[in-house]
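Here are a few exercises to work through with the structure open beside you. Try each task before reading its solution.

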Amino acid sequence: MSEMRILIVEDEPVIAENIALYLNNNDFKVTGIAYDTEDARKQLQDNTPDAVLLDINLDNEEDGIELAKFINKKYNLPLLFLTSYSDRETLERAKAVESWGYVVKPFDEKALLASLEMAIANFARHNSRHTPVLSFKKINTHLVSQLSEREFEVMQFIYAGKTNQQIATTLFISVNTIKKHINNAYLKLNVSTRTRGIARLLELMAK
């Protein structure tokens, strides 16, 4: 899949479905909706996304902040917190966990989209401080079917946390063309998602 894949963890079905509909129409692909932390853990294991939208106030013993700690430790994915509460105690608990955004309900859909894109970009920027600059020559040295210059350029944008629409706007080409480049690159890298694609690029750079 060329779209950025999102898991929604939200215990209010109507809100979750509305978020999913909006994201699926705006350059993202919702991989699933989890209504509690147990379901979220299963979906993370079976179908690991590229990012997580996470309600803090889940109606079970383990809340979203505890789940966020687990995600950071095991999966290292960008997280955007959702909550109905903005009290100081909740904010302090959320700040103690590494997340990349915080949205208070009720939220405007455009604001949610902007916050999600910012969270993903900030996560990628943070990770890039500890990872190497990608080398076109070095990566292709280890590939049987080599990336074209355009495919490598697109993968660099993915590495930087950009969405398909953001890449298309920057390169002045259509989103469909971007998707073709991404799918071609995935085939050559032998991956099927953005998270695995980035991991594969880092693996090749480490050789």
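Two strands count as paired if DSSP finds at least two bridges between them. Keep in mind throughout that this is a predicted model.

**Exercise 1. Find which residue of β3 stands opposite Leu-7, and say how many bridges join β1 to β3.**

Step 1: Look across from Leu-7, and you'll find Val-52 in β3.

Step 2: Now count the bridges: β1 and β3 are joined by 4 of them, and the two strands run parallel.

Step 3: Try the other neighbour of β1. Here 6 bridges link β1 to β2, again running parallel, and Ile-6 sits opposite Val-30 in β2.

**Exercise 2. Work out the strand order of the sheet and name its edge strands.**

Step 1: Carry on past β3. Residues 51–55 make up β3 and residues 79–83 make up β4, and the two pair in the parallel sense over 4 bridges. Leu-53 is opposite Leu-80 of β4.

Step 2: Put the whole thing together, and you get an open sheet of 5 strands with parallel pairing, in the order β2-β1-β3-β4-β5.

Step 3: Check the ends. The edges are β2 (28–34) and β5 (102–104), each of which pairs on one side only. From one strand to the next, the twist averages 20 degrees.

Step 4: Add the helix that packs on this sheet. Helix α5, residues 109–128, touches β1 (4–9), β2, β3, β4 and β5, and its direction makes about 145 degrees with that of β4.

**Exercise 3. Decide how β1 and β3 are covered: on one face or on both?**

Step 1: Use the cut-off first: a residue is buried when its relative accessible area is under 20%.

Step 2: Take β1, where 6 of the 6 residues are buried. One side carries Met-4, Ile-6 and Ile-8, the other Arg-5, Leu-7 and Val-9, and both faces are covered.

Step 3: Do the same for β3. Ala-51, Leu-53 and Asp-55 are buried on one side, with Val-52 and Leu-54 buried on the other, so both faces are covered here too. With 5 of its 5 residues buried, β3 is largely enclosed by the rest of the structure.

**Exercise 4. Compare two residues, Met-4 and Asn-127: which class of exposure does each fall in?**

Step 1: Locate them. Met-4 is in strand β1, while Asn-127 belongs to helix α5.

Step 2: Read off the accessibility. Met-4 has a relative accessible area of 4%, so it's buried. Asn-127 comes in at 23%, so it's partly exposed.

Step 3: See what surrounds Met-4. Leaving out residues up to four places away in sequence, it touches Asp-27, Phe-28, Lys-29, Asp-50, Ile-120, Gly-161, Lys-162 and Arg-194.

Step 4: Set sequence separation against distance in space. Met-4 and Thr-163 are 159 residues apart along the chain, yet their C-alpha atoms are separated by 6.8 Å. For Asn-127 and Asn-57, 70 residues apart along the chain, the C-alpha separation is 28 Å.

**Exercise 5. Explain why the buried residues of α3 line one face of the helix.**

Step 1: List the buried residues in α3 (residues 64–74): Gly-64, Ile-65, Leu-67, Ala-68, Ile-71 and Asn-72.

Step 2: Look down the axis of α3. Its buried residues fall within an arc of 155 degrees, so they line one face.

Step 3: Recall the helix geometry behind this kind of pattern. An α-helix has 3.6 residues a turn, so residues three or four places apart point the same way.

Step 4: Turn to the face pointing away from the buried side of α3, where you'll meet the exposed residues Lys-73 and Lys-74.

Step 5: Ask what does the covering. The cover over the buried residues of α3 includes β1, α2 (37–46), β3, β4 and α4 (88–95).

**Exercise 6. Judge how compact the protein is for its 207 residues.**

Step 1: Start with the parts list: 10 helices and 5 strands.

Step 2: Compare sizes. The radius of gyration is 17 Å, close to the 17 Å from the globule rule for 207 residues, so the protein is as compact as a globular protein of that length.

Step 3: Fill in the rest of the picture. The C-alpha atoms occupy a box of roughly 50 × 35 × 30 Å along the principal axes, and 45% of the 207 residues count as buried.

Technical notes:
Residues are numbered from 1 along each chain as its sequence is written. This is a predicted model: local features need pLDDT of at least 70, side-chain atom pairs count only at pLDDT 80 or more; totals for chains, interfaces and linings use all residues. Side-chain values use heavy atoms; hydrogens and water are left out. Axes are lines fitted to C-alpha atoms, for helices over the stretch in contact, and angles run from 0 to 180 degrees between N-to-C directions. Contact means heavy atoms within 4.5 Å. The radius of gyration is taken over C-alpha atoms; the globule rule is 2.2 Å times the number of residues to the power 0.38. Buried means under 20% relative accessible area, exposed over 50%, partly exposed in between (1.4 Å probe, protein chains only). The arc is that of the directions from the helix axis to the C-beta atoms.
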